[in-house]
Amino acid sequence: MNRKVIIIIIAIMTMTTVNSQTLTERQKGLAACACLMAQGDLERLEPAVRTALDHGVTINELKEAFSQLYAYTGFPRSLNALGVLNKVLENRLPSWQEGKPWTRPEVWDDAAKALQQGTEVQTQLSGRPFDYNFCPQDDYYLKAHLFGDIFAGDQLTAADREIVTVAALSGLEGVAPQLAAHKRGAVNMGNSQDTVDELCAWLCQEGYTLSTVWPIGDPNTAFAQYFIGNSYLAILNDKGLCNVTFEPGCRNNWHVHHGAVQVLICVAGRGWYQEWGKEPVELKPGVTIAVPEGVKHWHGAARDSWMQHLTYHADVQPGNSNEWLEPVTDEDYPNN
């Protein structure tokens, strides 16, 4: 085996995955909903809303979170998320809590008070006074509207609001400066640094985001006919080491490697591997699978998670080949 491949495998096998220490199930529920709402992924948002309600997030807290996030993601995604919540509540469970009654914030009727209160909130979040003199319009909107009007609601604590904001920004591209600022702000508003670090790692580990050091590569068009959903291929060296990225729900067809052992090393997200006639094996970062030569199998992402795995072939024999077979049916594909 190539020496560089061995080094990579050792590095991956010594990686640690997130073991929740400070995040509560309620916080995870808020974070998952915020992240998926920001991405506009309504299909995955619906079950996430149910899970959040099952774990103690109240209906009014979700309304507040989705309303707040319009300032970060736009009204269309805010309204779409509220529409998903409304749809879920058509089959409301008795255990789901309405939460404290909504009351109109007093500062909505006093623009000067909203500006003053928002300036104080922004100063606390930033850790210092912040004046965006380059654009006075945005400076006023931030102080009076975002941190004044919006943060004046009493459904979520200041710490909760930053959990929601960090999760939403984690799901967006091109907002690295704002994400970094709110990760610091989340600590200033009452969360521990461990909680913030754990939140970002958890979002990636569960596949809500794909924060990864591994290249995603290009659309895997050459093999798209053998996949359900979209996948991406990054060739890492000239020895056959590749990284394959699967979108949520993507999996390849049943297939067989003749004359070679395929090695899979999960490096990000969550997915599944299954051999014919056996139970599926969950793929999480650090899990390594050596696919025996001649064994029918498939692998791919979980329904609600991105997944990346490295792959290469070992014990390669002359005349080796891949035999692609039938797609993996929804009945064979795990539900979680």
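Begin by selecting helix H10 in this predicted model, where the buried residues are Leu179, His182, Gly185 and Ala186. Looking down the axis of H10, you will find that these residues cover an arc of only 125°, which puts them on the same side of the helix. Colour Ala176, Pro177 and Arg184 next, since these are exposed on the other side of H10. To see what the buried residues of H10 pack against, display helix H5 (70-73), helix H7 (111-126), helix H9 (158-170) and helix H11 (193-205).

With H10 still on screen, its length can be checked: the helix runs over residues 176-188, and its 13 residues reach 19 Å from the first C-alpha to the last, close to the 18 Å expected at 1.5 Å a residue. Just after H10, stop at Gly190, which takes a positive phi of about 120°.

Now move to the largest nonpolar core, which has 50 residues, and select Cys33, Leu45, Val49, Leu62, Phe66 and Leu203, the members that touch the most other members. Helix H2 (residues 25-39) gives the most to this core, contributing nine residues. Centre the view on Leu45 and, leaving aside its neighbours within four places in sequence, pick out its contacts, which are Cys33, Leu36, Met37, Phe66, Ala81 and Val84. A second, separate core has 12 residues, among them Phe246, Tyr273, Leu283 and Val291.

Before turning to the strands, select the cysteines. How many disulfides does the count come to? With a cut-off of 2.5 Å between sulfur atoms, the count comes to zero. Cys200 gives an example that can be followed in the viewer: the cysteine sulfur closest to its own is that of Cys35, at 9.8 Å, which is too far for a bond. Cys200 is also buried, with a relative accessible area of 18%.

The next selection is an open sheet of six strands, in the order E1-E3-E4-E12-E7-E10, with antiparallel pairing. Strand E1 (218-219) and strand E10 (288-291) stand at its edges, and each has a single partner strand, so one side of each is left without a neighbour in the sheet.

Starting from the E1 edge, follow the two bridges that join E1 to strand E3 (residues 231-235), the two strands running antiparallel; here Asp218 has Leu233 in E3 as its bridge partner. From E3, continue to E4, to which it is joined by five bridges, again in an antiparallel arrangement, and where Ser231 finds its bridge partner in Phe246. E3 and E4 form a hairpin with six residues between them, and in the turn you can select Gly240, which has a positive phi of about 95°.

Stay on strand E4 (residues 242-246) for a closer look: is it enclosed or open? Five of its five residues are buried, so E4 is largely enclosed by the rest of the structure. In a regular strand the side chains alternate between the two faces of the sheet. Show the side chains of E4, and Cys242, Val244 and Phe246 point one way while Asn243 and Thr245 point the other way, all of them buried. Phe246 can be recognised here from the second core, of which it is one of the members.

To finish, step across from E4 to strand E12 (residues 307-314), with which E4 pairs in the antiparallel sense over five bridges. Select Cys242 together with Thr311, its bridge partner in E12.

Terms used: Residues are numbered from 1 along each chain as its sequence is written. This is a predicted model: local features need pLDDT of at least 70, side-chain atom pairs count only at pLDDT 80 or more; totals for chains, interfaces and linings use all residues. Side-chain values use heavy atoms; hydrogens and water are left out. Two strands pair if DSSP finds at least two bridges between them. Helices (H or I, at least four residues) and strands (E, at least two) are DSSP runs, numbered from the N terminus. Buried means under 20% relative accessible area, exposed over 50%, partly exposed in between (1.4 Å probe, protein chains only). A nonpolar core is a set of buried Ala, Val, Leu, Ile, Met, Phe, Trp, Tyr and Cys residues joined through side-chain atoms within 4.5 Å. Contact means heavy atoms within 4.5 Å. The expected span of a helix is 1.5 Å times one less than its number of residues. The arc is that of the directions from the helix axis to the C-beta atoms.
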